[in-house]
Amino acid sequence: MPTVLPVPTLRRRRLGEALRRFRKEAGMSGDQVTEIMGWDRSKLSKIENAKAHIKPTEASKLLGIYGVDSPDILMAIEALARDASKRGWWQTYGDVVAANYKDYLSLESDADSTRIYSPNLIPGLLQTGAYAREIVAATAFWLAPDEVNALAEVRKARQAVLTARNGRSPLSFWAVIHEAVLHQRFASEPMLMREQLRHLLDMAVLPNVTVQIMPMSMTPNPGMMGLFEIVRFPHPWPTVINLENMRGGSFVEGTDEVADFETAFDRILATALPVDDSRETIKKIMEKDD
């Protein structure tokens, strides 16, 4: 039988990058570490390049060699080593879920919180199934109908992070949505948007979900440049920025760049309607369809 190579999942890449960083901060070469660990010379390189699995006990021993003794870091690295090879629930959908989308789903499942500015769409975590299908069909127009349905199912399945996550607290989610999005209508399904707005109000009741509306009469702000999402993780994992486009997304991870997006989101919040006013705005737009 052919040899099956480990898939370099996002978790495995993040783990490898973290272990490489700690080794370099300790001023140690790969040869020095492999000699202490009693490994083949190539094993450490494969781990750091996400081409090999590492046991949590081995990861913990590496951190000891590197002089890393923070309980938070030890716990985080061991947890990632445990989970790095786990298949996410989205793997059952096969190739219909693109590689960069799988990476994003992995980030979302590990995150503590996300904050998103969405100028053109209801965010995926707040979409109804019908709205999701319309959006997927319109924006991923090259897909076959069964693939559209599958991606709409994935989008709905993602929403479980807002309510339960195997013993972890639900994801904290803060969305700022442009008012123009609330006025969208779908000729093929006249009642679709009303149902979507009702769902948006229902989701905003959750204690971990905050929804604010950017008014039409907004003050110019950084959100005018388009959608972005701030994905935050437990210590010591760094914050990641997700930028979406028609073909998927890309990530920004540099410290200075992330700080710019966080400042941008604070400025967006200062321009958006307060939570209570946002809720009233959604209700008024719904009433127009009655």
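**Exercise 1.** Describe the second largest pocket, which has a volume of about 810 Å³, and its lining.

*Solution.* This is a predicted model, where local features need pLDDT of at least 70, side-chain atom pairs count only at pLDDT 80 or more, and totals for chains, interfaces and linings use all residues. Residues are numbered from 1 along each chain as its sequence is written, and side-chain values use heavy atoms, with hydrogens and water left out.

Step 1. A pocket is an open set of points on a 1 Å grid over the protein atoms alone, with protein on both sides within 12 Å along at least five of seven lines; lining residues have an atom within 4 Å of a point. The volume is the space filled by probe spheres set on the points, which are joined across faces, edges and corners.

Step 2. The lining of the second largest pocket has 30 residues, and Arg 11, Asp 83, Ser 109, Asp 110 and Arg 168 lie nearest the centre.

Step 3. By class, 14 lining residues are nonpolar, 4 polar and 12 charged. Charged means Asp, Glu, Lys and Arg; nonpolar means Ala, Val, Leu, Ile, Met, Phe, Trp, Tyr, Cys and Pro; the others, Gly among them, are polar.

Step 4. H5 gives the most to this lining, 7 residues. Helices are DSSP runs (H or I, at least four residues), numbered from the N terminus.

**Exercise 2.** Is Gln 184 buried, partly exposed or exposed?

*Solution.* Step 1. Gln 184 sits in the loop between helix H9 (179-182) and helix H10 (192-204).

Step 2. Buried means under 20% relative accessible area, exposed over 50%, and partly exposed in between (1.4 Å probe, protein chains only).

Step 3. Gln 184 is partly exposed because its relative accessibility is 23%.

Key
On a 1 Å grid over the protein atoms alone, a cavity is a set of points where a 1.4 Å probe fits but cannot get out, and a pocket is an open set with protein on both sides within 12 Å along at least five of seven lines; lining residues have an atom within 4 Å of a point. Helices (H or I, at least four residues) and strands (E, at least two) are DSSP runs, numbered from the N terminus.
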